[in-house]
Structures are given as C-alpha cells and as structure tokens.
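The exercises that follow ask you to read a structure step by step, using the sequence and the 3D view together. Try each task on your own before you turn to its solution.

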Amino acid sequence: MLEVAYDEALRGRSEGGIPIGAALFAADGTLLGRGHNRRVQSGDPSLHAEIDAFRAAGRRRDYSSTIMVTTLSPCWYCSGLVRQFGIGAVIVGEAQTFSGGHDWLAEHRVDVTVLDDQRLIDVMTTFIAEQPALWHEDIGVADEIEAR
C-alpha cells in the first residue's frame, strides 16, 4: 500500500509540487483512491495529498474500515479529515521530517502505524533543503523563512 502513496509523492514532485502522496484503501487492500499534494500545481491551498486521495475515493456510507496511507505524518487539517469521517487506520510513511497529528489520532482510537521509511525521509529531506520557502508555506510557517 505504501508503494501507491510513494508513487504519488514522486508524481507530485515531478510536477513541481511538494512530494507528499496518499492513498485510501478498503480493509481488504482494495485501492479506493489515490492522490498527491497539488497545492502548487492547482493553486488550491486545501489540496493536500490525503484530501486528494479522499476525494478520488468518492462517497462511502462508512469509512471506519478504511486505511489512509500517507507518505508523511498528516498535518492537523488532514488529521481532522481522518477524525471527521472516522477513517479507522492510518499508515504513515515517515514522521522524521514532520510530525503532524498522528499521535493525536492514536489517542482517539485510530490505528496508527509509523514506518519511518528511509526512502521517504530522503525525499522530504532533499525537498526541504532545495525548497525551504515552499516547504514552510505548506506547513503554515511561511514567516519563519521570511524572518531569516
């Protein structure tokens, strides 16, 4: 499942965006939707990877047995999506370069697995070094880079 999200992250990076990918799966492993952070490409600040994958999956009556796989620890916005719709499990590719709301999700009975996949750490570390202003904009701390 992580490979789908990883492919999406690479796709986003190749489009000039932020290399974060996600995919939503049914409990049996069936892919429901996949996506990547397209904030830059679309000019839509709300189009995070998890949101893109969720939208691609379409409507469901119940999300409790679904699994959100994301290459990076979900931010508060995407963590809120998981809680709002009752997604039952989240697989996090890495939480070294950014630690979002995955601990909060676990505290609220979401089954969270953090893999800390070295490929994903390397992709994000390289991206952050190459594009610090864009990275800080994405995580909502644009003032930090401007203050330097």
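**Exercise 1.** Find where Asp138 lies, decide whether it is buried or exposed, and list the residues that it touches beyond its neighbours in sequence.

*Solution.* Begin with the location: in this predicted model, Asp138 belongs to helix 7, which covers residues 132-138. Next, consider the relative accessible area of Asp138, which is 10%; since buried means under 20%, Asp138 is buried. Then look for its contacts, leaving aside residues up to four places away in sequence: Asp138 touches Ile18, Ile20, Asn37, Arg39 and His48. Finally, compare the chain with space, where Asp138 and Cys75 are 63 residues apart along the chain, while their C-alpha atoms are separated by 9.8 Å.

**Exercise 2.** Work out how many disulfides the structure holds, and explain why the sulfur of Cys75 is not bonded to the closest cysteine sulfur.

*Solution.* Recall what is being sought: a disulfide is a covalent bond between the sulfur atoms of two cysteines. The cysteine sulfur closest to that of Cys75 is in Cys78, at 3.8 Å, and a disulfide requires the two sulfur atoms to be within 2.5 Å, so this pair is too far apart for a bond. Starting from Cys78 leads back to Cys75, whose sulfur is the closest one and is again too far for a bond. The structure therefore holds zero disulfides. As a further step, check the accessibility of both residues: Cys75 is buried at 16%, and Cys78 is buried at 0%.

**Exercise 3.** Determine how many residues of helix 3 are buried, and state which elements those buried residues pack against.

*Solution.* Helix 3 spans residues 49-57, and seven of its nine residues are buried, which leaves the helix mostly covered. The buried ones are Ala49, Glu50, Ile51, Asp52, Ala53, Phe54 and Ala57. They pack against strand 1 (21-25), strand 2 (31-36), strand 3 (67-70) and helix 4. Ala56, also in helix 3, counts as partly exposed at 46% relative accessibility, and it touches Leu32, Gly33 and Arg34 when residues up to four places away in sequence are not counted. To finish, look just past the helix, where Gly58 follows with a positive phi near 80 degrees.

**Exercise 4.** Describe how helix 3 and helix 4 cross, and identify the residues that meet between them.

*Solution.* Helix 4 covers residues 76-85, and its axis comes within 8 Å of the axis of helix 3, with a crossing of roughly 35 degrees. On the side of helix 3, the residues are Glu50, Ile51 and Phe54, and they meet Tyr77, Cys78, Leu81 and Phe85 of helix 4. Sorted by class, this contact has six nonpolar residues, no polar ones and one charged. Now take Leu81 as a single example from helix 4: at 9% relative accessibility it is buried, and it touches Glu50, Ile51, Phe54 and Met68, residues up to four places away in sequence being left out. The C-alpha atoms of Leu81 and Phe54 are separated by 8.8 Å, although the two residues are 27 apart along the chain.

**Exercise 5.** Explain why helix 1 and helix 6 count as roughly parallel, and classify the residues of their contact.

*Solution.* The axes of helix 1 (residues 2-14) and helix 6 (residues 118-130) come within 11 Å and cross at roughly 20 degrees. Angles under 35 degrees count as roughly parallel, and therefore these two helices are roughly parallel to each other. The crossing of helix 1 past helix 6 is left-handed. The contact is formed by Leu2, Glu3, Tyr6, Leu10 and Arg13 from helix 1, together with Arg119, Leu120, Val123, Phe127 and Glu130 from helix 6. These residues divide into six nonpolar, no polar and four charged.

**Exercise 6.** Locate Arg109 and Asp116, and state what is notable about the phi of each.

*Solution.* Arg109 sits in the loop between helix 5 (102-107) and strand 5 (111-114), and its phi, near 65 degrees, is positive in a residue other than glycine. Asp116 lies in the loop between strand 5 and helix 6, and it has a positive phi of about 50 degrees although it is not a glycine. For accessibility, Arg109 counts as exposed at 81%, whereas Asp116 is partly exposed at 29%.

Key: Residues are numbered from 1 along each chain as its sequence is written. This is a predicted model: local features need pLDDT of at least 70, side-chain atom pairs count only at pLDDT 80 or more; totals for chains, interfaces and linings use all residues. Side-chain values use heavy atoms; hydrogens and water are left out. Axes are lines fitted to C-alpha atoms, for helices over the stretch in contact, and angles run from 0 to 180 degrees between N-to-C directions. Helices (H or I, at least four residues) and strands (E, at least two) are DSSP runs, numbered from the N terminus. Angles under 35 degrees count as roughly parallel, over 145 as roughly antiparallel, 65 to 115 as roughly perpendicular and the rest as oblique. A crossing is left-handed if the near helix is turned anticlockwise from the far one by less than a right angle, and right-handed if clockwise. Contact means heavy atoms within 4.5 Å. Ala, Val, Leu, Ile, Met, Phe, Trp, Tyr, Cys and Pro count as nonpolar, Asp, Glu, Lys and Arg as charged, and the others, Gly among them, as polar. Buried means under 20% relative accessible area, exposed over 50%, partly exposed in between (1.4 Å probe, protein chains only).
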